[in-house]
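This briefing is meant to be read beside the sequence and the structure. Please keep both open while working through the points, which are grouped by topic.

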Amino acid sequence: MVLIVVPSHGIRIIPSRILTLILAVRSGDIEKLAEPTLRLNTLPCRAIGKTQNRGIMALVEINFESVIIFFILLKELMRRHGNLWQEITSIKNICIAYEKAIRGKSKLVGVIKFKKAVRKNLLLIRESLLNKTFTTSKYHEKIVYEPKKRTIYVLPFSPDRIVQHALMNVIIPIWDKLFIDASYSCRTGKGIHIASNKTMEYVRRNKYVLKCDISKFYPSVDHEILFKIIQKKIKCKDTLWLLKNIIDSFPGGKNIPIGNYTSQWFRNLYLNELDYYLKDKCGVKDYVRYCDDFCIFANDKVYLHRVAKRINKFINEKLLLKFSKCEIFPIKQGVDFLGYRHFNNYVLLRKSTTKRVKSRLEKLPQLYKDGKINKDQFRSSVMSTWGWLKHANTHNLLIALKYQRLKRMVQNL
């Protein structure tokens, strides 16, 4: 057995299945070491003292093999990544970025024009990055009304979309390791339906839910705070130059435009600070976040009220955000989250989602008959609807929508 000192900086959440040492608490909170929220009572380690040094959390007694594993993972958690620029600007990476950016857009006029001299154009993009002559283009605005009215900011296919894919090809694996399991948006192996399944798990074992939605999240993101968060993990000066160029492309010091490929990852990184606060400081267990909506489940209503106050203070002071909705209610009312209404024994489609689905399906046959959509678009719309419906108890809804008739129709096309 050996004694180790656990530093207070850089440690977040380490899965207990990997280490025999999990989170120790910060100096002054040593009494919380026994709390099940930290899961230390389930592990073969024990706190044996504390220190007044602000750089120390606790002294913990563990076995030697665990020390080795711990410091290997600790080094990875604390490491700031440099020398990324060569990989970002490599010919291979830019070609991969082009292939990703072109998906579903091969018939756009700008894409067709770009493809006529694709090699030359890709080399020019690479040169603009290496010479630092690249700058984010002017945004084109468009309004969408489904599922709600929003302003989408569109950048040209070339060079912007290709550059953003080239950047994120390298950055995503670094950032994704930082995110906790409770973050489900835009991540491989996650998504809405996995999040819905986890929500049902929590619904079945809790009595109350704290449901929160952040007001106008994208327009409210502070550029300076976002860039400081990025710098915690990225130290490559060239990569930081490109990231800052994209962040500051929207004037006013706030807003990560909806429509940018990078914005969904900036969102996850920005709210990752909240995720860690909830886990590290509030001891939250049953938690699901998708985009800027999240739910916390518990059997203690008073506890949820206390957590809600702490969250509100944190997002106001640290992230300069505010709630549009923050409510606590009994789970038996149903938890309207992720497009579904979750009850103890069943899941229903959200009423607004049902209306949109019904409206869309009713129009499809006539749109196809008038030649406004082709058979592939008809088939895709019908099957994508099934992708939503199959995750809920929708037997009666399928009958009302005459879905089987539509399904047979597309099968015979």
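**Cysteines, a sheet and its salt bridges**

When cysteine sulfur atoms have to lie within 2.5 Å of each other to be counted as a disulfide, the count for this structure comes to 0 disulfides. The model is a predicted one, and the points below turn to its cysteines, to an open sheet of 4 strands, and to its salt bridges, of which there are 12.

**Cysteines**

- The sulfur of Cys295 has its closest cysteine sulfur in Cys212, at 7.8 Å, and this is too far for a bond.
- Cys295 counts as buried, with a relative accessibility of 0%, and Cys236 also counts as buried, with a relative accessibility of 7%.

**The open sheet**

- Strands of a sheet pair with one another through backbone hydrogen bonds, and the pairing can be either parallel or antiparallel.
- In this open sheet the 4 strands follow the order β7-β8-β6-β9, and their pairing is antiparallel.
- Because β7 (286–290) and β9 (323–330) stand at the edges and have a single partner strand each, one side of each of them is left without a neighbour in the sheet.
- Averaged over the sheet, and with direction ignored, neighbouring strands are turned by 10° against each other.
- Strand β6, which covers residues 208–214, pairs with β9 in the antiparallel sense over 7 bridges, and Leu210 has Ile328 in β9 as its bridge partner.

**Helices that pack on the sheet**

- Helix α11, made of residues 261–281, packs on the sheet and touches β6, β7 and β8, while its direction makes an angle of about 175° with that of β7.
- Helix α7, made of residues 192–205, lies across β7 and β8 (293–298), and it runs at about 155° to β7.

**Salt bridges between separate parts of the chain**

- Side chains of opposite charge can pair when their charged atoms come close.
- Asp286 and Arg205 meet through their side chains in a salt bridge, with a distance of 2.7 Å from N to O.
- This pair links distant parts of the chain, since Asp286 belongs to strand β7 and Arg205 to helix α7, and the two residues are 81 residues apart.
- Asp286 counts as buried at 7% relative accessibility, whereas Arg205 is partly exposed, with a relative accessible area of 43%.
- Asp176 and Arg187 also meet in a salt bridge between their side chains, at 2.8 Å from N to O.
- Because Asp176 lies in helix α6 (residues 157–176) and Arg187 in the loop between α6 and α7, this pair ties together parts that are 11 residues apart in sequence.
- Asp176 is partly exposed, with a relative accessible area of 25%, whereas Arg187 counts as buried at 11% relative accessibility.

**A salt bridge within one helix, and a network**

- Arg379 forms a salt bridge with Asp376, and the closest N and O atoms of this pair are 3.3 Å apart.
- Both of these residues, Arg379 and Asp376, lie in helix α14 (residues 375–389), where they are 3 residues apart, or about one turn of the helix.
- Arg379 is partly exposed, with a relative accessible area of 29%.
- Lys198, Glu201, Arg205 and Asp286 are joined into one network by salt bridges that share partners.

Note on methods
Residues numbered from 1 in each chain as written. Predicted model: local features only at pLDDT ≥ 70, side-chain atom pairs only at ≥ 80, totals over all residues. Heavy atoms only, no water. Pairing = 2+ DSSP bridges. Axes fitted to C-alpha atoms, helices over the stretch in contact; angles between N-to-C directions. Contact = heavy atoms within 4.5 Å. Salt bridge = Lys/Arg side-chain N within 4 Å of Asp/Glu carboxyl O. Buried < 20%, exposed > 50% of the residue type's maximum accessible area, 1.4 Å probe, protein only.
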